[in-house]
Amino acid sequence: VSGTGTLIVEGTLPLNGDAVNTAMDIAATGVVTVTGGTGSSISGAVTTAVGSMLRLSGNTGNHARLTVASGFTNNGTIEFGGPVYNGILSVSTGVLTNAVGATIQTNGGNGVHEFVGSLDNQGTIDVANLSLRINNDGGTFTTTDGTLDVASGNTLTVNGGAGGGTMIAGAGTVTAGTGTVDLTGAETLS
């Protein structure tokens with residue numbers, strides 16, 4: 001999909017190996033579902049409304065992969081799930097901001113779901129059903145006022161990688177659940 005306007009998603013938009021080369025606005029009733037395959041990309045600006053859903057749903061034999069060129073603010077839900085394989089969301093430049101009231105959640109799959117890039121969590125990261133790895137190699141994971149809810153038997157891993165990431169956790173951060181938060185790689189706490 002290419003153009004100079006904005007793609008407004010008010011229903012369901014499936015992506016499987018697709019390139020969206022225009023701005024995308026996911027409305028309150030909008031659901032973008034990325035399924036397993038060769039990977040999809042969005043090169044234009046992304047906006048999300050309260051109630052919107054960006055779902056990465058791996059399927060038999062394939063991970064669901066989405067690369068977004070620039071940082072954006074999640075005001076709805078980003079869900080990593082799928083019946084068999086996992087979801088991988090990458091933000092190439094800038095920061096994914098998980099706004100107050102927004103959620104990033106895991107919901108099934110096989111293996112470990114993955115976010116690649118810098119992330120500012122002001123809402124909730126809910127690791128309820130399968131673990132989540134945040135690869136912020138050379139970037140920053142900030143959670144100064146957000147909630148990290150990791151269910152028993154699951155792990156939230158923050159991986160600084162070879163480039164050395166930074167994790168900023170503030171006094172306003174709420175931790176819930178009996179799961180594990182693991183800092184690995186060249187991670188700097190601030």
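## A tour of the chain, stop by stop

Start by selecting D182, which is found in strand β19, residues 180–184. The model on screen is a predicted one. D182 counts as partly exposed because its relative accessibility is 32%, and partly exposed covers the range between 20% and 50%. Show the residues around D182: leaving out those up to four places away in sequence, D182 touches T155, L156, T157 and V158. Then draw a distance from D182 to R133. These two are 49 residues apart along the chain, and their C-alpha atoms are separated by 9.2 Å.

**Zoom out to the whole chain**

Colour by secondary structure. The chain has 20 strands and 0 helices. Its C-alpha trace spans about 40 × 30 × 30 Å along the principal axes. How does the radius of gyration of the chain sit against that of a compact globule? For 190 residues a compact globule would have a radius of gyration near 16 Å, and the chain has 15 Å, which agrees.

Now switch on the surface. The accessible surface of the chain comes to about 7,700 Å², and carbon and sulfur atoms account for 49% of that surface. Of the 190 residues, 45% are buried. If you display contacts between residues at least 6 apart in sequence, 50% of them join residues at least 24 apart.

**Select E114**

From R133, go to E114, one of whose contacts is R133 itself. E114 has its place in strand β12, residues 103–121. Is E114 buried or exposed? E114 counts as buried, because its relative accessibility is 14% and the limit for buried is under 20%. Apart from residues up to four places away in sequence, E114 touches F80, G87, I88, L89, L132, R133 and N135. Keep F80, L89 and L132 selected, since these contacts of E114 come up again at the next stop, where they are among the residues lining the largest cavity.

**Look inside: the cavity**

Rolling a probe the size of a water molecule over the atoms shows where empty space is left. In this structure there is 1 cavity of 30 Å³ or more, and the largest cavity has a volume of about 40 Å³. To find it, select I78, F80, L89, L96, I104, F115, L119, L132 and I134, which line it.

Which strands supply at least two residues each to this lining? They are β10 (77–81), β11 (87–98), β12 and β13 (124–135). Strand β12 gives the most, with 3 residues. Colour the lining by residue class: 9 residues are nonpolar, and there are no polar and no charged ones.

**Select L130**

Stay on strand β13, where L130 has its place. Check the backbone torsion here: L130 has a positive phi of about 100 degrees, although it is not a glycine. L130 counts as buried because its relative accessibility is 17%.

**Select A102**

Move to the loop between β11 and β12, where A102 lies. A102 is buried, with a relative accessible area of 1%. Beyond its neighbours up to four places away in sequence, A102 touches N74, N75, G76, G123 and T124. For a longer line across the model, join A102 to T173: the pair are 71 residues apart in sequence and 15 Å apart in space, C-alpha to C-alpha.

**Select G139**

Go next to the loop between β13 and β14 (140–143), where G139 is found. G139 is buried, at a relative accessible area of 13%. Which residues does G139 touch, not counting those up to four places away in sequence? They are S118, G164, G165 and T166. From G139, draw a line to V181; the two are 42 residues apart in sequence and 18 Å apart in space, C-alpha to C-alpha.

**Last stop: I26**

Finish at strand β3 (residues 19–26), which holds I26. I26 is buried, with a relative accessible area of 2%. Setting aside neighbours within four places in sequence, I26 is in contact with V9, V31, V32, T47, T48, A49, S52 and M53. A final distance to draw is from I26 to T73: they are 47 residues apart along the chain, and their C-alpha atoms are separated by 11 Å.

Methods:
Residues are numbered from 1 along each chain as its sequence is written. This is a predicted model: local features need pLDDT of at least 70, side-chain atom pairs count only at pLDDT 80 or more; totals for chains, interfaces and linings use all residues. Side-chain values use heavy atoms; hydrogens and water are left out. Helices (H or I, at least four residues) and strands (E, at least two) are DSSP runs, numbered from the N terminus. The radius of gyration is taken over C-alpha atoms; the globule rule is 2.2 Å times the number of residues to the power 0.38. Buried means under 20% relative accessible area, exposed over 50%, partly exposed in between (1.4 Å probe, protein chains only). Contact means heavy atoms within 4.5 Å. Accessible areas come from the Shrake-Rupley method with a 1.4 Å probe; for residues, only the protein chains shown count as cover. On a 1 Å grid over the protein atoms alone, a cavity is a set of points where a 1.4 Å probe fits but cannot get out, and a pocket is an open set with protein on both sides within 12 Å along at least five of seven lines; lining residues have an atom within 4 Å of a point. Grid points are joined across faces, edges and corners, and a volume is the space filled by probe spheres set on the points. Ala, Val, Leu, Ile, Met, Phe, Trp, Tyr, Cys and Pro count as nonpolar, Asp, Glu, Lys and Arg as charged, and the others, Gly among them, as polar.
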